[in-house]
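Trainee: I have this one open on my screen and would like to go through it with you. Can we start from wherever you like and then work outwards?

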Amino acid sequence: MKLVTRAQLGWPTSAAPTQTSTKGVKVHYEGAPVSVRLLDDHDLCIAKWKKIRVDHLANKKENYSDIAYNYGACPHGFLLEGRGLGRRTGANGDQDLNRGHYAIMGLVGSEGLTEPTDAMLGAIRDGIELLRRHGAGNEIKGHRDGLATECPGKHLYAWVKKGAPRPGGTTPEPGPRPLIDVSKVVAAALHDPAEAGTPVSYPGVRTVEKALVAEGLLAAHLADGHFGTATVEAYADWQRRCGFTGDDANGIPGFTSLEKLGQEHGFDVKA
C-alpha cells in the first residue's frame, strides 16, 4: 500500500465526527471533469486532492467539517488519506447513509479522465481492506446504491458490481509465517540508527514496518528496515490503537501489541 497521510498533506487531525463501524464502504468519483494530465504527473493528483478539500470546506450549504471522503485513490496507485480511520464520511448523501458506509473516492470524473487505472483500483482495494480491519463491514457499494446519482460513474460502478476485485490479483500459495523475536525488535527500536544507508540491525523490522504500512500508520517510503524515529512513532500509534496509554505507548514493541499486529498481518512472535 502506498499511503499519503494527512501529515504529509499538511492537514491537521480531522474534525469529522468519530465512527468506529459501518456496514461497509461506498465507492465514489468526482461528478465533474478530471484532467487526463493526472496520468502523467502525480503532483497533480495531490493538488487535486487538496483542492477537493478546499472546495468542501468552502461549501456553506453542506457545511462539511473536512474533505468528505475517508480516502481517495489516484491513477498512480497511491491511497490518499482524507478523514481517515474512525471518522464518519460526509459523502454518501445524508446522515443515515453516511452512518451506513465509509467512502473512498477514485480520482476519475464525468469527463476527461473517466476510466480508473489498475493501480487506482488496487489503491481503492487497499483502502477497503484497511477500513475493514478497523470497523468496516464487508459490503462494497457504489454511491448510487441508495441515492439518485451517476456516481461513481459507469466504469467504477461496473467494477463495484463485480465485487471490486483486485486487478490481476492471484491468491498466493500460503508459505511459512515469519517468526519475529520480540527482544531483537526491541533492540532494533532502541539502538538501530535512523540514518539512511546504515546496516539493518534486524530483518524482522521490515516485517513489522510492512504491517504498519498496511495499517496506514507508516508511509511506505519510510519502511526502510530501520526502527528509527518514523517507525517508533508509527508503532506508538499502533499501541494506542491497542488501548495502551502513557509509557505503554512509547513506540517500543511489547509482546501483547506485537502479537496482535502479527495476528492481523501473518507473522508469529516469540518472547
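Mentor: Let us start with helix α6, where Leu190 and His191 are exposed on the side away from the buried one. Please keep in mind throughout that this is a predicted model.

Trainee: OK, and which residues of α6 are buried?

Mentor: In α6, which spans residues 182-191, the buried residues are Val182, Val185, Ala188 and Ala189. They lie on the same side of α6 because they cover an arc of only 125° around the axis.

Trainee: What do those buried residues pack against?

Mentor: The buried residues of α6 pack against two strands, β7 (179-181) and β8 (268-270), and against the helices α7 (204-214), α8 (229-241) and α9 (255-265).

Trainee: Switching to the sheet, what is the strand order?

Mentor: The sheet is an open one of 6 strands, in the order β1-β4-β3-β5-β2-β6, and its pairing is mixed. At the edges are β1 (2-4) and β6 (136-142), each of which pairs on one side only. From one strand to the next, the twist averages 25°.

Trainee: And how is β5 joined to the strands beside it?

Mentor: Strand β2, residues 22-30, runs parallel to β5 and is joined to it by 6 bridges, with Glu30 standing opposite Gly109 of β5. Strand β3 also runs parallel to β5, through 3 bridges, and there Tyr71 stands opposite Ile104. Further along, β2 pairs with β6 in the parallel sense over 5 bridges, and Val27 is opposite Gly142 in β6.

Trainee: Are the faces of β5 covered or open?

Mentor: Both faces are covered. On one side His101, Ala103, Met105, Leu107 and Gly109 are buried, and on the other Tyr102, Ile104, Gly106 and Val108 are buried as well, so that 9 of the 9 residues in β5 (101-109) are buried.

Trainee: Which helices lie across that sheet?

Mentor: One of them is α4, which lies across β2, β3, β4 (78-81), β5 and β6 and runs at about 170° to β5. Another is α5, residues 153-161, lying across β2, β5 and β6 at about 155° to β2.

Trainee: Which side of α5 is buried, then?

Mentor: The buried residues in α5 are Gly153, Leu156, Tyr157, Trp159 and Val160. Their directions cover an arc of only 155° around the axis, and therefore they are on the same side of α5. These buried residues pack against β2, β5, α4 and β6, whereas the face turned away from them carries the exposed residues Lys154 and Lys161. After α5 comes Gly163, which has a positive phi, near 100°.

Trainee: What about the nonpolar core, how many residues does the largest one have?

Mentor: The largest nonpolar core has 44 residues, and those with the most contacts inside it are Trp49, Tyr69, Leu107, Ile124 and Leu156. Helix α4, residues 118-132, provides the largest share of this core, with 7 residues. Apart from it lies another core, of 22 residues, which includes Ala188, Val208, Leu217 and Leu261. As general background, nonpolar side chains tend to be buried together in soluble globular proteins.

Trainee: What does Trp49 touch?

Mentor: Leaving aside residues up to four places away in sequence, Trp49 touches a set of residues that includes Leu9, Trp11, Ile67, Tyr69, Leu80, Met105 and Leu107.

Trainee: Tyr69 is on that list, so where does it sit, and is it buried or exposed?

Mentor: Tyr69 is in the loop between α2 and β3, and it counts as buried because its relative accessibility is 10%, with under 20% as the cut-off. Its C-alpha atom is separated by 5.6 Å from that of Gly82, which is 13 residues apart from it along the chain. Not counting residues up to four places away in sequence, Tyr69 touches His28, Trp49, Gly82, Ala103 and Met105, among others.

Trainee: Last one, what polar contacts does the side chain of Asp66 make?

Mentor: Asp66 lies in the loop between α2 (42-58) and β3 (71-73), and it is buried, with a relative accessible area of 0%. Its side chain makes polar contacts with two arginine side chains, that of Arg6 at 2.8 Å and that of Arg53 at 2.7 Å. Among the other residues that Asp66 touches, again not counting those up to four places away in sequence, are Ser14, His56 and Gly82.

Key: Residues are numbered from 1 along each chain as its sequence is written. This is a predicted model: local features need pLDDT of at least 70, side-chain atom pairs count only at pLDDT 80 or more; totals for chains, interfaces and linings use all residues. Side-chain values use heavy atoms; hydrogens and water are left out. Helices (H or I, at least four residues) and strands (E, at least two) are DSSP runs, numbered from the N terminus. Buried means under 20% relative accessible area, exposed over 50%, partly exposed in between (1.4 Å probe, protein chains only). A polar contact is a pair of N or O atoms within 3.5 Å; within protein, one must be able to donate a hydrogen and the other to accept it, and residues adjacent in sequence count only if both atoms are side-chain atoms. Contact means heavy atoms within 4.5 Å. Two strands pair if DSSP finds at least two bridges between them. A nonpolar core is a set of buried Ala, Val, Leu, Ile, Met, Phe, Trp, Tyr and Cys residues joined through side-chain atoms within 4.5 Å. Axes are lines fitted to C-alpha atoms, for helices over the stretch in contact, and angles run from 0 to 180 degrees between N-to-C directions. The arc is that of the directions from the helix axis to the C-beta atoms.
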